[in-house]
Amino acid sequence: MQCDKPQGVWGTGPPVQKTLPLVDPQLANSSRPKLNVALNQNNIHLNFLDDAERHQFLETVAERADAVSITGDIGDATNVIGFLKEIEDILRKPVYFVLGNHDFYRGSIGKVRDEVAQLARQSEFLVYMTATSVVPLSPTTALVGHDGWADARLGDFEKSQVFLNDYVTIEELRKWKDEFALDKPALAELLNVLGDEAARHLERALRQAVTDHSTVIALTHVPPFKEAAWHEGKHSDDDHLPHFACKAVGDVFTTVMQEHPQSRLTVLCGHTHGGGEVQVLPNLRVLTGEAEYGQPMTQHVFEID
Ligand SMILES: [Fe+2]
């Protein structure tokens with residue numbers, strides 16, 4: 001779909017080049033490169049934990065890795081900044097993250113993205129991938145990412161009876177004909193724009209990443225393929241897919257990786273709370289993290305040379 005809104009309409013502006021490499025370049029060039037471990041967390045919903053539970057969870061994570069990635073749904077608009085500061089204070093190591101739809105609840109997408117991008121710019125350890133292009137984790141592995149958004153293009157949005165709290169609690173998504181009926185065409189157009197914005201960012205970053213790296217890891221909140229939108233062990237149905245998958249991002253990943261068969265892309269995502277893995281192409285796989293409210297967990301552990 002043609003997008004007539006400029007890049008950055010949601011507030012983050014053009015990507016800034018903040019890179020926080022996981023491997024010290026001097027070590028990487030030595031004969032004994034350091035082996036690092038990165039953990040992935042998704043849908044951690046820290047607002048469902050009390051202070052003690054939250055600290056305990058973060059301290060456990062801190063002990064286990066040299067770096068951490070988070071694929072969104074950290075809190076909501078009223079507390080995500082505080083949680084990110086707390087994550088940084090406790091972990092004291094690189095935290096590569098994107099935001100999920102819940103992070104904008106009780107607020108605005110543009111405003112939250114702006115505030116989080118500003119926090120990350122000033123932070124020693126936080127890297128907001130939506131406001132960053134490529135992070136070289138090592139000489140062979142790079143990281144890209146964007147919040148993403150379910151873009152209403154997979155499944156049947158028009159007939160879908162699924163209603164997300166997004167359409168009430170996120171400022172930009174309150175598209176109602178009247179107090180009882182959603183304006184679905186207007187909402188679909190907006191969801192398309194959000195998906196397209198994520199796809200543009202990820203295409204640019206991924207094309208850059210594969211020129212110098214054989215392995216790329218992409219962080220995004222929303223599964224980019226219907227086969228990756230797992231829920232209770234199955235793929236989401238046509239009612240749920242419009243709200244739980246992003247076709248625009250999936251199309252970009254497929255196109256770029258078909259053009260670069262020598263590179264490998266691993267996509268880490270969440271959103272559906274159902275876990276699963278799908279090999280979309282020989283060089284493109286998607287890991288969707290399982291999640292449960294009040295029980296944050298580490299989804300995957302990666303060793304990076
Ligand atoms: Fe989500």
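What follows walks through the confidence, the sheet, the core and two helices of a predicted model.

The model is a prediction, so to speak of a local feature a pLDDT of at least 70 is needed, and side-chain atom pairs count only at pLDDT 80 or more, while totals for chains, interfaces and linings use all residues. Residues are numbered from 1 along each chain as its sequence is written.

Confidence comes up front. The chain averages a pLDDT (the predictor's confidence in each residue, from 0 to 100) of 86, and 83% of the residues score at least 70. Among the elements of the chain, helix 8 has the highest mean, 98, and helix 1 (residues 25-29) the lowest, 42. Helices (H or I, at least four residues) and strands (E, at least two) are DSSP runs, numbered from the N terminus. Residues 1-9 have a pLDDT below 50, and beyond near neighbours in sequence that stretch has 9 contacts in the model. Residues 23-35 are also below 50, with 15 contacts beyond near neighbours in sequence. Two residues are in contact if their C-beta atoms, placed from the backbone, lie within 7 Å.

Now the sheet. Its 6 strands form an open sheet in the order 5-6-7-10-12-11, with mixed pairing; two strands pair if DSSP finds at least two bridges between them. Strand 5 (135-136) and strand 11 are at the edges with a single partner strand each, so one side of each lacks a neighbour in the sheet. Strand 5 and strand 6 make a hairpin with 4 residues between them, pairing in the antiparallel sense over 2 bridges. Pro136 has Ala142 in strand 6 as its bridge partner, and Ala142 in turn is bridged to Val216 in strand 7. Strand 6 and strand 7 run parallel and are joined by 6 bridges, whereas strand 7 pairs with strand 10 in the parallel sense over 5 bridges. Within that second pair, Ala218 stands opposite Val267 of strand 10. Helix 6 packs on the sheet, touching strand 6 (141-146) and strand 7, and its direction makes about 170 degrees with that of strand 6. Such angles run from 0 to 180 degrees between N-to-C directions, with axes fitted to C-alpha atoms, for helices over the stretch in contact.

Strand 6 is mostly covered, with 6 of its 6 residues buried. A residue is buried if 20 or more other C-beta atoms lie within 10 Å of its own, exposed if 12 or fewer, and partly exposed in between, with C-beta atoms placed from the backbone. Thr141, Leu143 and Gly145 point one way from the strand, and Ala142, Val144 and His146 the other.

The largest nonpolar core has 81 residues, and those with the most contacts inside it include Val144, Leu202, Val216 and Ala218. Such a core is a set of buried Ala, Val, Leu, Ile, Met, Phe, Trp, Tyr and Cys residues joined through C-beta atoms within 7 Å. Helix 6 (residues 184-212) gives the most to this core, 11 residues. Leaving aside neighbours within four places in sequence, Leu202 is in contact with Val144, His146, Ala218, Val249 and Val252.

Helix 8 (residues 247-259) lies across strand 7, strand 10, strand 11 and strand 12, at about 50 degrees to strand 11. Its buried residues include Val249, Val252 and Phe253, and helix 6 is one of the elements covering them.
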